[in-house]
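Q: Please take a close look at one part of this structure and describe how it is placed among its neighbours.

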Protein chains: 2
Amino acid sequence: MIFNDTYFMKMAFREAEIALEKDEIPVGAVVVLNNMVIGRGHNLTQTLQDVTAHAEMQAITAATNHIGAKYLNDCTLYVTLEPCVMCAGAIGWAQLGKLVYGATDPKKGFSLIKHNILHPKTLVTGGIMEEECSQILTEFFNKKRK
Amino acid sequence: MIFNDTYFMKMAFREAEIALEKDEIPVGAVVVLNNMVIGRGHNLTQTLQDVTAHAEMQAITAATNHIGAKYLNDCTLYVTLEPCVMCAGAIGWAQLGKLVYGATDPKKGFSLIKHNILHPKTLVTGGIMEEECSQILTEFFNKKRK
């Protein structure tokens with residue numbers, strides 16, 4: 001088994017598919033420590049009627065619950081869509097070691113903000129499985145508009 | 001009874017005091033609709049070992065649970081400390097009608113960011129009960145440093 005970014009992004013993508021099955025905007029996330037998933041989440045804003053229920057927030061909360069500590073310096077967060085400012089703020093507070101995202105979000109992505117919201121030591125990689133991560137969202141919104 | 005910003009900030013301050021009793025960084029928040037508190041929260045990041053457990057996040061989640069809808073356009077969020085970027089992002093998503101905060105946060109406050117994170121229609125007032133809201137934090141940190 002090769003544990004690379006694509007391997008774990010596929011797990012995040014599976015979470016996005018679960019969101020889609022619930023008619024939620026399909027975004028998924030996992031938190032990985034030592035090649036093990038210790039937290040997962042998918043967007044549940046409609047189900048919970050809660051704007052804070054983004055995939056990343058749930059995955060971070062699950063991961064910190066799992067390890068019993070609030071910092072995730074040795075962990076990587078994989079998320080199918082570039083985090084928004086709220087989630088980037090949470091990623092900053094949790095001091096994630098690495099952030100890997102799939103599709104970019106030109107409207108709400110945190111990279112629109114000049115100020116560095118993340119922890120200064122957090123490594124960032126974008127564009128992993130970008131096409132699939134973007135396509136599942138495009139198809140969702142196209143279907144909604146019909 | 002006069003329902004003004006100070007009246008509701010006192011309620012948020014009471015939440016901060018509850019946080020203090022739990023040895024949490026003393027920040028409190030309430031969400032108000034038609035002069036009624038429909039959500040409240042205080043910082044629980046230590047208790048829950050969860051960086052997302054800020055007072056505002058809990059108050060927003062409680063308020064949206066209460067009304068069964070995820071937007072809070074007609075509501076005001078009172079919080080004893082200027083929200084961080086994560087919480088400002090959540091306030092933006094929830095489209096709060098008004099944000100009122102007590103003490104400013106020169107290190108982590110959202111106003112450090114040039115980009116407007118809040119919803120364009122959200123009104124903002126700062127400095128309500130600023131002295132008390134600031135003092136409870138200063139005393140907490142001074143005690144921790146001893």
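A: **A helix between two parallel strands**

In this predicted model, strands S3(A) and S4(A) run parallel and are joined by five bridges. Within this pairing, Leu81(A) has Ala103(A) of S4(A) as its bridge partner. The path from S3(A) to S4(A) leads through H4(A), and the resulting β-α-β crossover is right-handed.

The connecting helix, H4 of chain A, spans residues 85-94, and because nine of its ten residues are buried, the helix is largely enclosed by the rest of the structure. The buried residues are Val85(A), Met86(A), Cys87(A), Ala88(A), Gly89(A), Ala90(A), Ile91(A), Gly92(A) and Ala94(A). Buried here stands for a relative accessible area under 20%.

The cover over these buried residues comes from both chains. From chain A it includes helix H3 (55-67), strand S3 (75-81) and strand S4 (98-103). From chain B it includes helix H3 (55-67) and helix H4 (85-93). The two strands that H4(A) connects are thus among the elements that cover its buried residues.

After H4(A) comes Gln95(A), with a positive phi near 55°.

Strand S4(A) is itself mostly covered, with five of its six residues buried. Besides its bridges to S3(A), S4(A) pairs with strand S5 of chain A, residues 123-125, in the parallel sense over three bridges. In that pairing Leu99(A) stands opposite Val124(A) of S5(A). S4(A) therefore has parallel partners in S3(A) and in S5(A), by the criterion of at least two bridges between paired strands.

How values were computed: Residues are numbered from 1 along each chain as its sequence is written. Chains are lettered from A and ligands numbered from 1 in the order in which they are written. This is a predicted model: local features need pLDDT of at least 70, side-chain atom pairs count only at pLDDT 80 or more; totals for chains, interfaces and linings use all residues. Side-chain values use heavy atoms; hydrogens and water are left out. Buried means under 20% relative accessible area, exposed over 50%, partly exposed in between (1.4 Å probe, protein chains only). Helices (H or I, at least four residues) and strands (E, at least two) are DSSP runs, numbered from the N terminus. Contact means heavy atoms within 4.5 Å. A crossover is right-handed if, with the strands pointing away from the viewer, the path from the first strand over the helix to the second runs clockwise.
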